[in-house]
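Student: Please take me closely through a single part of this structure, the contact, and then place that part in its surroundings. I am new to this structure and would be grateful for one connected account.

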Amino acid sequence: MTFEVGSGLSIGVILATVILVAAMLIWVERRLLSFWQERLGPNRVGPFGLLQVVADMIKIFTKEDWVPPFADKFSFVLAPAIIMTVILMSFSVIPFAPGVGVVDSNIGVLFVLAMASLGAYSVMLAGLSSDNKYALLGALRAAAQMISYEVFMGISILGVVALSGTFNLREIVLAQEENGWYVIPQFIGFVIFLIAGVAESHRLPFDIPEAEQEICAGYHTEYSGMKFGMFFVGEYLGLVLIASLITVLFFGGWLGPAFLPPIVWFSLKVFVFIAFFILLRAAIPRPRYDQLMSYGWLFLLPASLLNLLITGVIILSTS
Amino acid sequence: MLTLIKDTLTSQVVTLWRVFSHLWVKADTVEYPDVQPYMFPRWRGRIILSRDPDGEERCVACNLCAVACPVDCIALQKTEDEEGRWYPEFFRINFSRCIMCGFCEEACPTNAIQLTPDFEMAEYKRQDMVWEKEDLLIDGTGKYHDYNFYRVAGKKIGGKDKGEARNEAVPVNVRSLLP
């Protein structure tokens, strides 16, 4: 079996790595957060606390897997599976390095956006089927948040698509080899996509659907055991996905000086963005969800449209 | 509008930078089982019963500590020896109830009951958290080294009559007519 785009070995390795990285992020996030809060974080289990993930997993697997009697069983069980599936599907179009990837789709960007929208079903189904007022409030907020960020999330990366002339993520990276990283011509698009990505992966400061202090974990209030674990890992998978997308679309994917192999460059860039997301969590307070909505509709949507317009004018006038 | 955007951006970026710069600040955490934290002398921890400088028990079984205790964790019974000194027959503190408030120490007129900086009092059995007088009594004077209740108090005990205590005048004979 060969290691190339789309081979079984490649798919297996990518799947295992992505899930493992998402699980390790539990430890990374707790450790980094604690450094920024002048604490030490989990450092007891194994060297530097690295085996904390194993301990957490043992705990989460041995917990009672409980479905509340008042919940709608089918959609209650379905919801956590959706978020895992949808985000793992999105990883299939990410080009990790030359020859590493699952599929080179010509509609890569559209596929990722479609999958991100489907992910909202998971949150809303979880909130509705739990039959719990906090969960319902969380689902409500998730719906409100989704309609306010998904629009400009799509528009913000259209500038990159217009510059590279393709929806294929691998070709977008290759186009950056010639033109330089798109973060320079598309800086506004990058900032808007970053904000939308934070909202997309339900991370602080935009973790409004699962605000722990206000609505006690929102849509996954009623979840326990492995079903909660799937939401948990799903959130970290989303974080890795958004960091990978930013890397691919704006920071040249695997491109970098030749002294390191391409996959290392990709991982480094992704890690920097993950660390930035964790820094956001440590630093920025959460807005109200009407604030997020008005911020999205009244400021970010016009800004992204303007960005697209100016990009289009520049492309037309230079060609 | 522009100033609003500018202020928001600078505020967020400054916040991010300030939080990030905590990366090279040393952590406040004391890794307790490996490193013993410094406990301040006035820390309210395990309760002891101290002795006076002569080596006798300070406690006179006045029950003020038991009365002051908000959770009623102190139990004691007064008895007397042949010299007339009062001391507790038994003195029992239930540390599974004790909230380390220090009210007993404040109430004690003889500085007998004192709180110490020791906090490592975990037990596997709840019954082991009930401490008797033998467990509580220490051989030293605790925090107050010179104080001896019977030497300053007017109470008459064997070997010390009325008027013989420190700073005490001989009692006035109320039946005498002389000034």
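Tutor: Two residues are in contact if their C-beta atoms, placed from the backbone, lie within 7 Å. The model is a predicted one. By that criterion, chain A brings nine residues to the contact and chain B brings eleven. On chain A, the helices α1 (8–36) and α11 (262–283) each give at least two residues to the side that touches chain B. The largest share of that side, three residues, belongs to α11(A). Sorted by character, the residues of chain A that touch chain B comprise seven nonpolar and two charged ones, with no polar residue among them.

The surroundings on chain A come next. Chain A contains twelve helices and zero strands, so to read its elements from the N terminus is to pass from α to α throughout. For 319 residues, a compact globule would have a radius of gyration near 20 Å, and the 20 Å of chain A agrees with this. Along the principal axes, the C-alpha atoms of chain A occupy a box of roughly 65 × 45 × 40 Å. Of the 319 residues in chain A, 43% are buried. When contacts in chain A between residues at least 6 apart in sequence are considered, 77% of them link residues at least 24 apart.

The interior can be described through its nonpolar cores. The largest of these has 82 residues, and A:V240, A:A243, A:I246, A:L249 and A:I274 have the most contacts inside it. The greatest contribution to this core is made by helix α10 (residues 225–250) of chain A, with 15 residues. Beyond its neighbours up to four places away in sequence, A:V240 touches A:V18, A:V21, A:A22, A:V270 and A:I274. Another core, of 23 residues, lies apart from the one just described and includes B:I48, B:I74, B:L76 and B:C108.

Helix α10(A) itself deserves attention. Its 26 residues should span 38 Å at 1.5 Å a residue, and its end C-alpha atoms are 37 Å apart, which agrees. Because 21 of those 26 residues are buried, α10(A) is largely enclosed by the rest of the structure. After α10(A) comes A:G252, with a positive phi near 70 degrees.

A loop elsewhere in chain A may be set beside that helix. A:V67 sits in the loop between α2 (52–62) and α3 (73–90) of chain A. A residue is buried if 20 or more other C-beta atoms lie within 10 Å of its own, and exposed if 12 or fewer do; A:V67, with 17 C-beta neighbours inside 10 Å, therefore counts as partly exposed. Neighbours within four places in sequence aside, A:V67 is in contact with A:K73 and A:F76. The C-alpha atoms of A:V67 and A:S224 are 8.2 Å from each other, although the two residues are 157 residues apart along the chain.

Chain B, the partner in the contact, can be approached through its sheet. Three strands of chain B form an open, antiparallel sheet in the order β2-β3-β5. The edge positions belong to β2 (74–80) and β5 (130–131) of chain B, each of which has a single partner strand, so one side of each is without a neighbour in the sheet. Seven bridges hold β2(B) and β3(B) in their antiparallel pairing. Across this pair, B:K78 faces B:P88 in β3(B), and B:A75 faces B:R92 in β3(B). The hairpin of β2(B) and β3(B) has five residues between its strands, and B:G84 there adopts a positive phi near 95 degrees. On the other pairing, β3 (residues 86–94) of chain B is joined to β5(B) by two bridges, again in the antiparallel sense. There B:N94 has B:V130 in β5(B) as its bridge partner.

Finally, chain B also has a helix, α1 (residues 2–20), whose 19 residues reach 27 Å from first C-alpha to last, close to the expected 27 Å. This helix α1(B) is hardly covered, with a count of zero buried residues, whereas α10(A) is largely enclosed. To return to the part requested, the side of chain A that touches chain B takes its largest share, three residues, from α11(A).

Note on methods
Residues numbered from 1 in each chain as written. Chains lettered and ligands numbered in written order. Predicted model: local features only at pLDDT ≥ 70, side-chain atom pairs only at ≥ 80, totals over all residues. Helix = DSSP H or I, 4+ residues; strand = E, 2+ residues; numbered from the N terminus. Rg over C-alpha atoms; globule rule 2.2 N^0.38 Å. Core = buried A, V, L, I, M, F, W, Y, C linked by C-beta atoms within 7 Å. Pairing = 2+ DSSP bridges. Nonpolar A, V, L, I, M, F, W, Y, C, P; charged D, E, K, R; others polar. Expected span 1.5 Å × (residues − 1).
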